[in-house]
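Reader: Please show the sequence and the structure, so that the contacts within it may be discussed.

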Amino acid sequence: MSSAKRIEDFRVTRNVALTPRHFLLELLAPGKLPGLLPGQFVQVLVENSTSTFLRRPFSIHRVNETENTLDLLVQIKGEGTRKLSRLREGDRLNLIYPLGNSFSLQKNGPVLLIGGGCGVAPLLFLAQSLCTNDTKVAILIGGRKKHDLFEIEEYRKCGEVFITTEDGSEGEKGLVTDHSILQKEKLAYSMIYCCGPDPMMESVASVAHMHNIECEVSLENTMACGFGVCLCCITPTIHGNQRVCVEGPVFNTKELGW
Amino acid sequence: MADLKVNIAGITFRNPVTTASGTFGYGEEFLDFMDLGKIGGIFVKAVTGKNRDGNAYPRMAETASGMLNSVGLQNKGVDYFVKEIYPKIRDFDTRIIVNVSGSTIEEYVEVAVKINELEKIPGIELNISCPNVKQGGMAFGTVPAMAAEVTTAVRKVYKKVLMVKLSPNVTSITEIAKTVADSGADALTLINTLLGMAIDSETRRPVLSTVTGGLSGPAIKPVALRMVWQVHKAVKLPIVGIGGIMNAKDAIEFMLAGATAVQVGTANFIDPSVSIKIAEGIDAYLDKYKIKTAGEIVGTLQT
């Protein structure tokens, strides 16, 4: 069950650079965190930035219920994210959350999580939630090169991790769909979860479809409000246009007609 | 504590702050964030005759101090509104005005006739910025004769308060305003979005799927203020001011220019409870200047 939405000021407790273009923000809630589900996202207000008018959406990357913190994994893309990268411990950050729907938590594994680039963001929270449910988890992460991979050790705490890099500097060479674990005649997973660039998610969906495995993806459409009223973030589905911020961001690939 | 009540053509609003169509859904989506009983009213999402899927994605582009949208009036049509949405929102403790949109005069009339039957809806806002498909897609609100025709046709069938939302994409806003007033409108709401465009220099393509879209947000406030001021001087009808209102100061500027009430739109995306803050800010301004009622500042700009 998703919690009611709220608007709150969080405090930055950590800002960790992961790569020259990626950083992790650990945020402390003003009180007790409401129940959060993997797949959900937050809308962040970037202040003191003249070229950033609307909020910026980020998947919830990790949650610590006892400490009442949540982490965001951010890629520096423009002025707004650059401003966020300069946040320091103690700085305030206003969030609207929790937004969106969530990944289906399968009781019976094993399940496979596939992430590419910054798409891995919601998958750590998902992996940790599945682990807590005692579901067997395998994680496949792809990047351009070794330096694009981060937090691998965190994923290893949840299950076996497989890696691909396009230049072969780490793991197997190629795209995620080139990895040997996906080339077997029978894939013994009850669900494949995927998040990354659209072409990657579509390739993974084909593989899942070929093996008759359910597949859930997380879409990232541009949005103005993030909570269902502006109707800007829609994606076409077999049930007509659906809002990525309410009926998504998680969609079963059958729903998308992929 | 001042008296914030305002009256628009017979409808009393508890305070001058309302929310703009297309930025507040049907009200339900905001219940987690705020008490609707603290604002004057809501102008709900546009209702058309039939279901509309709207335009293809992408439908938005952020701009400097604003945004462009080309949503395309996505909604499930008037019959769905009457049967499924109205029962859920009719008892909200705030005034509900239905935005009526269409592609043909017949469609506007059909919607108006059906909304007329709804007991708890005291008025409609006629969105004349829609393209007239029978006139090559030119917006009803850009040609005085077409604006007059649609207002007259709806006036014949709609018995309650008829507000007409004006498009700013015209040469003379006062000419359109006068024509619409003469055609039987009870009030005017202005402005709708300004026609604009965004380009992605990396893909070398427009950002919006429809190439052009409507600009809203603080960027349009100076244009909106100017038009409210001009229309207020030209026409006797009450005005609801719209255009980049982000805070109480902005709202008061519109009221000084001649607006009896205001609509807050894009600002809701950034702070879903901003409309309440604006109402409180207007109250504080009136107290500061020892003004007893909100109505007293309307149109008092000293020029």
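Author: In this predicted model, 25 residues of chain B are in contact with 24 residues of chain A, two residues being in contact if their C-beta atoms, placed from the backbone, lie within 7 Å. Local features need pLDDT of at least 70 and side-chain atom pairs count only at pLDDT 80 or more, whereas totals for chains, interfaces and linings use all residues of the predicted model. Residues are numbered from 1 along each chain as its sequence is written, and chains are lettered from A and ligands numbered from 1 in the order in which they are written.

Reader: Which element supplies the largest share of the side of chain B that touches chain A?

Author: Helices (H or I, at least four residues) and strands (E, at least two) are DSSP runs, numbered from the N terminus. On the side of chain B that touches chain A, at least two residues each come from β5 (60-63), β6 (66-69) and α7 (267-270) of chain B. The largest share, three residues, is that of β6(B).

Reader: How do the residues of that side of chain B divide into nonpolar, polar and charged?

Author: Ala, Val, Leu, Ile, Met, Phe, Trp, Tyr, Cys and Pro count as nonpolar, Asp, Glu, Lys and Arg as charged, and the others, Gly among them, as polar. The side of chain B that touches chain A thus divides into eleven nonpolar, nine polar and five charged.

Reader: Why is α5(B) described as roughly parallel or antiparallel to α6(B)?

Author: Helix α5 (residues 221-234) and helix α6 (residues 248-257) of chain B pack with their axes 8 Å apart, at an angle of about 25°. Axes are lines fitted to C-alpha atoms, for helices over the stretch in contact, and angles run from 0 to 180 degrees between N-to-C directions. Angles under 35 degrees count as roughly parallel, over 145 as roughly antiparallel, 65 to 115 as roughly perpendicular and the rest as oblique. The angle therefore makes α5(B) and α6(B) roughly parallel.

Reader: Which residue of β14(A) is the bridge partner of A:Pro236?

Author: Strands β13 (residues 234-237) and β14 (residues 240-243) of chain A run antiparallel and are joined by four bridges; two strands pair if DSSP finds at least two bridges between them. A hairpin through two residues joins β13(A) to β14(A). The partner of A:Pro236 in β14(A) is A:Asn241.

Reader: What distance separates the centres of domain 1 and domain 2 of chain A?

Author: Domain 1 (6-99) and domain 2 (111-218) of chain A have bounds that come from an automatic or database domain assignment. Twelve residues of domain 1 of chain A are in contact with twelve residues of domain 2 of chain A. Taken over C-alpha atoms, the centres of these two domains of chain A are separated by 24 Å.
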